[in-house]
Amino acid sequence: MTTQSTAEVSTAKGYWVSVYPADSDPATLAAYDELAGPAVQAGGGRVLSLLPSRGGRLVAHEAGITQRVVLIEFDSFEQAVAAYESEMYQKALVALPDGFQRDFRIIEGTD
């Protein structure tokens, strides 16, 4: 049996999961979106889902709320963290409107 050393990079994919407030107007996020898209792409991210603000369908169950949800996939958890910490994405964060809040997480997928 072999064990993975802590120095080795995970092969599990990484994901950014963002849930935006129900009252977020897409127009107020235009400057952020303009900078964040290229930053995500440069970091190796692929947008898997952008609902419901771009015409996608969403059904909320239990405590779910029909808010804007964005799911972005990276080839690894480390790549997802590096993309978030990149200078390019940090500039996009500055473009978020003052006082703007969202639920943002970076998670490691399972193989």
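1. Tyr 15 has Glu 73 as its bridge partner in S3. That pair is a starting point for reading this structure, which is a predicted model. Two further pairs lie between S1 and S3: Val 17 has Leu 71 as its bridge partner in S3, and Ser 18 stands opposite Val 70 in S3. In total, 6 bridges join S1 to S3, and the two strands run antiparallel.

2. The other pairings can be read in the same manner. S1 also pairs with S4, again in the antiparallel sense and over 6 bridges. One of the residues to look up here is Val 19, whose bridge partner in S4 is Asp 103. S2 is joined to S3 by 5 bridges, and these strands run antiparallel. Val 47 has Ile 72 as its bridge partner in S3.

3. Put together, these pairings give a sheet. In what order do the 4 strands stand in the open sheet? The order is S2-S3-S1-S4, with antiparallel pairing. Strand S2 (46–51) and strand S4 (103–108) are the edge strands; each has a single partner strand, so one side of each has no neighbour in the sheet. On average, neighbouring strands of this sheet are turned by 15 degrees against each other, direction ignored.

4. The order in the sheet should be kept apart from the order along the chain. The protein chain holds 3 helices and 4 strands. Starting at the N terminus, its elements run β-α-β-β-α-α-β. Contacts can also be sorted by distance along the sequence: among those with a separation of 6 or more, 78% are between residues 24 or more positions apart.

5. Helix H1 covers residues 30–42, which makes 13 residues. Does its length agree or disagree with the rise of 1.5 Å a residue? The expected span is 18 Å and the end C-alpha atoms are 19 Å apart, which agrees. Just after H1, Gly 44 takes a positive phi of about 90 degrees.

6. Which residues of H1 are buried? They are Tyr 32, Ala 36, Ala 39 and Val 40. The elements that cover them include strand S1 (14–19), strand S3 (69–74) and helix H3 (87–94). For the protein chain as a whole, 30% of the 111 residues count as buried.

7. Two packed helices are described by the angle between their axes and the distance between the axes. For H1 and H3, the axes come within 8 Å and cross at roughly 160 degrees. That makes H1 roughly antiparallel to H3, because angles over 145 degrees are counted that way. The crossing in which H1 passes H3 is left-handed.

8. The residues that make this contact can be listed from both sides. From H1 they are Tyr 32, Leu 35, Ala 36, Pro 38, Ala 39 and Ala 42. From H3 they are Met 88, Tyr 89, Lys 91, Ala 92 and Leu 93. Tyr 32, Ala 36 and Ala 39 also appear among the buried residues of H1.

9. Ala 92 is a useful residue to look at in the viewer. Ala 92 is found in helix H3. Is Ala 92 buried or exposed? Ala 92 has a relative accessible area of 0%, and residues under 20% count as buried, so Ala 92 is buried. Leaving aside residues up to four places away in sequence, Ala 92 touches Tyr 32, Leu 35 and Ala 36. Ala 92 and Leu 35 are 57 residues apart in sequence, while their C-alpha atoms are 5.0 Å apart in space.

10. The last helix pair is H2 with H3. Helix H2 (residues 77–85) packs on H3 at an angle of about 55 degrees, and the axes are 5 Å apart. That makes H2 oblique to H3. Ala 83, Tyr 84 and Glu 85 of H2 make the contact with Glu 87, Tyr 89, Gln 90 and Leu 93 of H3. Tyr 89 and Leu 93 are also listed in the contact between H1 and H3.

Definitions and conventions:
Residues are numbered from 1 along each chain as its sequence is written. This is a predicted model: local features need pLDDT of at least 70, side-chain atom pairs count only at pLDDT 80 or more; totals for chains, interfaces and linings use all residues. Side-chain values use heavy atoms; hydrogens and water are left out. The expected span of a helix is 1.5 Å times one less than its number of residues. Buried means under 20% relative accessible area, exposed over 50%, partly exposed in between (1.4 Å probe, protein chains only). Contact means heavy atoms within 4.5 Å. Two strands pair if DSSP finds at least two bridges between them. Axes are lines fitted to C-alpha atoms, for helices over the stretch in contact, and angles run from 0 to 180 degrees between N-to-C directions. Angles under 35 degrees count as roughly parallel, over 145 as roughly antiparallel, 65 to 115 as roughly perpendicular and the rest as oblique. A crossing is left-handed if the near helix is turned anticlockwise from the far one by less than a right angle, and right-handed if clockwise.
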